[in-house]
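Trainee: I should like to learn how to read the features of a protein model. May we work through one together?

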Amino acid sequence: MATASGMPEQETQVFSGNNDQYPRLDVYVWDMDETLVLLNSLLKSSYAEAFNGLKDVQKGVEIGRTWENLILQICDDYFFYEQIENYNKPFLDALAQYDDGRDLSDYDFNQDELGSPHEDDANNRKLAYRHRVIAQKYLQGLRNILDHETIKLWDELYDKTDEYTDRWLSSARTFLKECSGEDKDSVSSVAFANTSSNSTNSNHVNVLVTSGSIVPSLVKCMLFHLDSLITHGNVYSSWEVGKIQCFRWIKERFNHPNVRFCAIGDGWEESEAAEIMRWPFVKIDPRPGKLHRFPGLTLTTVSHYFSVVYGRPGNENDEE
């Protein structure tokens with residue numbers, strides 16, 4: 001059942017009482033392209049050109065094209081993309097109220113005559129079924145889905161890209177893991193249980209808001225090894241609705257008394273949305289020599305952005 005805002009009812013949690021009863025909650029709202037992942041700048045050669053001849057431009061373009069082909073192949077072969085690319089939704093649970101829980105083990109997705117979800121409830125239900133399967137595959141992981149040859153290509157491409165970009169991919173993932181904190185598994189869902197008043201821990205959660213459509217964005221999360229750190233329910237597509245709307249949904253979801261938000265990205269849209277929300281914004285710059293890039297960005301730097309907007313935490317011993 002969805003709320004008036006469009007968010008699933010079970011994902012809205014209201015907190016009350018003294019703020020000291022809850023650990024602090026830090027929500028990191030990430031952009032994907034040119035932030036956690038370098039792809040567009042490889043395809044357009046802008047990444048390599050910024051190094052003034054130190055990078056092989058054509059090699060970067062070829063790496064980008066290989067990624068592009070692999071992403072589209074997996075989207076089409078395993079994630080219904082050919083069928084649903086014109087029916088993009090801002091998050092996978094957008095049509096959850098139409099899913100009747102039917103057993104899909106023998107369901108023929110090629111013969112159910114999916115039409116526009118705007119036409120009737122039956123089409124919304126068919127799309128919701130596909131979203132459910134996509135969520136299950138996200139949890140399953142690509143290594144349990146792809147054949148050996150594709151996995152080998154994927155592993156080699158990831159390593160080649162990481163080397164070419166001076167460990168951008170692996171260091172971005174490491175930083176994402178640091179942002180998750182030690183208790184990342186306990187905070188991957190939206191609802192947070194009450195904690196004792198003497199708790200001094202901080203909770204952390206990563207959310208992704210990408211301008212790409214939802215299916216390729218989820219596949220990219222999996223291919224770039226981000227799926228263990230960002231749950232499928234925390235991936236948003238701003239393709240139609242814009243980033244400010246996604247940011248508002250996120251604020252509504254994480255309605256926690258000690259919550260702090262920080263947006264991290266490279267573009268004007270997330271910067272503008274963060275300003276409207278009055279959230280700190282860390283602008284990523286992939287050019288060499290810049291501080292806000294990978295490797296380079298640290299939790300100390302991000303904690304400074306938090307403190308400028310929210311002040312220092314009451315307990316200075318809290319892990320940043």
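Mentor: We shall take salt bridges, an annotated site, backbone angles and a charged patch in turn.

Mentor: This is a predicted model, in which local features need pLDDT of at least 70 and side-chain atom pairs count only at pLDDT 80 or more, while totals for chains, interfaces and linings use all residues. Residues are numbered from 1 along each chain as its sequence is written, and side-chain values use heavy atoms, with hydrogens and water left out.

Trainee: How many salt bridges does a search of the whole structure find?

Mentor: Side chains of opposite charge can pair when their charged atoms come close. A salt bridge is defined as a side-chain nitrogen of Lys or Arg within 4 Å of a carboxyl oxygen of Asp or Glu. The search of the whole structure gives twelve.

Trainee: Which residue forms a salt bridge with Asp-26?

Mentor: The partner is Arg-260, and the closest N and O atoms are 2.8 Å apart. Asp-26 belongs to strand 1 and Arg-260 to strand 4 (residues 259–265), so the pair ties together parts that are 234 residues apart in sequence. Helices (H or I, at least four residues) and strands (E, at least two) are DSSP runs, numbered from the N terminus.

Trainee: Are Asp-26 and Arg-260 buried or exposed?

Mentor: Buried means under 20% relative accessible area, exposed over 50%, and partly exposed in between (1.4 Å probe, protein chains only). Both Asp-26 and Arg-260 are buried.

Trainee: Which residue pairs with Asp-100?

Mentor: Asp-100 forms a salt bridge with Arg-125, the closest N and O atoms being 3.9 Å apart. Since Asp-100 lies in the loop between helix 4 and helix 5 and Arg-125 in helix 5, the pair ties together parts that are 25 residues apart in sequence. Arg-125 is partly exposed, at 29% relative accessibility. Elsewhere, Arg-24, Asp-26 and Arg-260 are joined into one network by salt bridges that share partners.

Trainee: Which residues does the UniProt annotation "binding site" cover?

Mentor: UniProt positions are given in the numbering used here, feature names are shortened, and annotations may be inferred rather than shown by experiment. In this unreviewed entry, the annotation covers Asp-31, Asp-33 and Asp-266. They span 236 residues in sequence, yet no two of their C-alpha atoms are more than 8.2 Å apart, so they gather at one spot. Asp-31 is placed in the loop between strand 1 (24–30) and helix 1 (40–43), and is buried at 6% relative accessibility.

Trainee: Which features of the backbone should I examine?

Mentor: One is the cis peptide bond that joins Phe-294 and Pro-295, with omega about -10°. Pro-295 is in the loop between strand 5 (281–283) and helix 11 (299–310). Another is a positive phi: Ser-45 has a value of about 70° although it is not a glycine. Ser-45 is found in the loop between helix 1 and helix 2 (46–49) and is buried, with a relative accessible area of 11%. Glu-113, also not a glycine, has a positive phi near 55°. Glu-113 is exposed, with a relative accessible area of 70%.

Trainee: Where is Ile-63 placed, and is Ile-63 buried or exposed?

Mentor: Ile-63 is in helix 3 and counts as buried, at 1% relative accessibility. The C-alpha atoms of Ile-63 and Lys-160 are separated by 8.1 Å, although these residues are 97 residues apart along the chain.
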